[in-house]
Amino acid sequence: SQFVFRTDVKGYYASIDHEILYNQVAEYVSDPDVLALVRQYLQRFVSDGGTFVDIERGISLGCPLSPLMGALFLKPLDDLMTALGCFYVRFMDDWVVLAPTRWRLRRAIKATNQLMAQFHLELHPEKTFIRRISRGFGFLGYWFSPQGLSVAGKTIERMLEKVRRLYEQGASSGRILSYLLLWGRWVRTGLDGVFGVGDWLGNERLVCPSFGSRCVTRC
């Protein structure tokens, strides 16, 4: 593949259409009691000056069922990309498409835009880009390039900012270390490198030996 299209949906959870989602669930679930529960899950009301307003779009962020519903809502996109024969990976509303030619990538983008219009969704303009794979691209916190896989620069910046906030809030060194260990464990799920927690605590830096000097970031 030579080209990449990476994007996500703007305000995804808040934009999910209730009727479309309910009909999708009904394709897989026939039990009327379960469908009634799904309908109750979707129906929400808010009070506006003493008047109750029915919310017809959007699902609750804090409900344990919402990740499943959010994943299901874009299954037609999965099926569409499979039919087009593109390399495609999606995590909730964040996805990437790789294509060997501009023509095939344009087909994928056109199909995506048509589906977004059909589902009343909008792609996030600041998180959507098209480029050659040789320039590298970020996805789910990692940076993909011909040189290999590494942690994206923005991911490291967010981690450092989190550590700064913990320090400013008076967090103990144990709490900060616990956060760094958890972060490092996440990093290692996608990388073979070693996260130097001790080096960071002692020298105010993050060291990932497998990435070389480019992955040494100072506070």
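In this predicted model, helix H5 (residues 75-84) lies across strand S4 and strand S5 (94-99), running at about 170° to S4. That helix and those strands belong to a protein whose secondary structure comes to nine helices and eleven strands, and in which buried residues make up 40% of the 219 residues. Among contacts with a separation of 6 or more, 58% are between residues 24 or more positions apart, while the protein exposes about 13,000 Å², of which carbon and sulfur atoms supply 54%.

**The four-stranded sheet**

- The sheet crossed by H5 through S4 and S5 is an open one of four strands, with the order S4-S5-S1-S6 and antiparallel pairing.
- Strand S4 (87-91) and strand S6 (129-132) each have a single partner strand and stand at the edges, so one side of each is left without a neighbour in the sheet.
- Direction ignored, neighbouring strands of this sheet are turned by 15° against each other on average.
- Strands of a sheet pair through backbone hydrogen bonds, either parallel or antiparallel; here S4 and S5 run antiparallel and are joined by five bridges, S1 and S5 run antiparallel and are joined by six bridges, and strand S1 (residues 3-8) pairs with S6 in the antiparallel sense over four bridges.

**Residue partners across the sheet**

- Between S4 and S5, Arg 90 stands opposite Trp 95, and the bridge partner of Tyr 88 in S5 is Val 97.
- On its way through the sheet, S1 places Val 4 opposite Leu 98 in S5, whereas Arg 6 has Phe 129 in S6 as its bridge partner.
- The hairpin of S4 and S5 has two residues between the strands, and in this hairpin Met 92 takes a positive phi near 55°.

**Covered and uncovered faces**

- In a regular strand the side chains alternate between the two faces of the sheet.
- S4 shows a covered face, made up of Tyr 88 and Arg 90, and an uncovered one, made up of Phe 87, Val 89 and Phe 91.
- S5, by contrast, is mostly covered, with six of its six residues buried: Asp 94, Val 96 and Leu 98 point one way from the strand, and Trp 95, Val 97 and Ala 99 point the other way.

**Arg 132 on the edge strand S6**

- Arg 132 lies in strand S6 and counts as partly exposed because its relative accessibility is 38%, a value between the limits of 20% for buried and 50% for exposed.
- Leaving aside residues up to four places away in sequence, Arg 132 touches Gln 2, Phe 3, Val 4 and Arg 102.
- The C-alpha atoms of Arg 132 and Phe 5 are separated by 9.0 Å, although these residues are 127 residues apart along the chain.

**The three-stranded sheet**

- Another open sheet has three strands in the order S7-S8-S9, again with antiparallel pairing, and its edge strands, S7 (137-139) and S9 (148-151), each pair on one side only.
- The twist in this sheet averages 30° from one strand to the next.
- S7 and strand S8 (residues 142-145) pair in the antiparallel sense over three bridges, and Phe 139 stands opposite Tyr 142 in S8.
- Helix H8 (residues 173-190) lies across S8 and S9, and runs at about 25° to S8.

**Helices H2 and H3**

- An α-helix has 3.6 residues a turn, so residues three or four places apart point the same way.
- In helix H3 (residues 32-42), the buried residues include Leu 35, Val 38, Tyr 41 and Leu 42; they cover an arc of only 110° around the axis, which puts them on the same side of H3.
- The face of H3 turned away from this buried side carries Pro 32, Asp 33, Leu 37 and Gln 40, which are exposed.
- At the start of H3, a side-chain oxygen of Asp 31 reaches to within 2.8 Å of the backbone nitrogen of Asp 33.
- His 18 lies in helix H2 (residues 18-28) and counts as buried because its relative accessibility is 7%.
- With residues up to four places away in sequence not counted, His 18 touches Leu 42, Ile 55, Glu 56, Arg 57 and Gly 58; of these, Leu 42 is one of the buried residues of H3.

Methods: Residues are numbered from 1 along each chain as its sequence is written. This is a predicted model: local features need pLDDT of at least 70, side-chain atom pairs count only at pLDDT 80 or more; totals for chains, interfaces and linings use all residues. Side-chain values use heavy atoms; hydrogens and water are left out. Buried means under 20% relative accessible area, exposed over 50%, partly exposed in between (1.4 Å probe, protein chains only). Contact means heavy atoms within 4.5 Å. Accessible areas come from the Shrake-Rupley method with a 1.4 Å probe; for residues, only the protein chains shown count as cover. The arc is that of the directions from the helix axis to the C-beta atoms. A polar contact is a pair of N or O atoms within 3.5 Å; within protein, one must be able to donate a hydrogen and the other to accept it, and residues adjacent in sequence count only if both atoms are side-chain atoms. Two strands pair if DSSP finds at least two bridges between them. Axes are lines fitted to C-alpha atoms, for helices over the stretch in contact, and angles run from 0 to 180 degrees between N-to-C directions.
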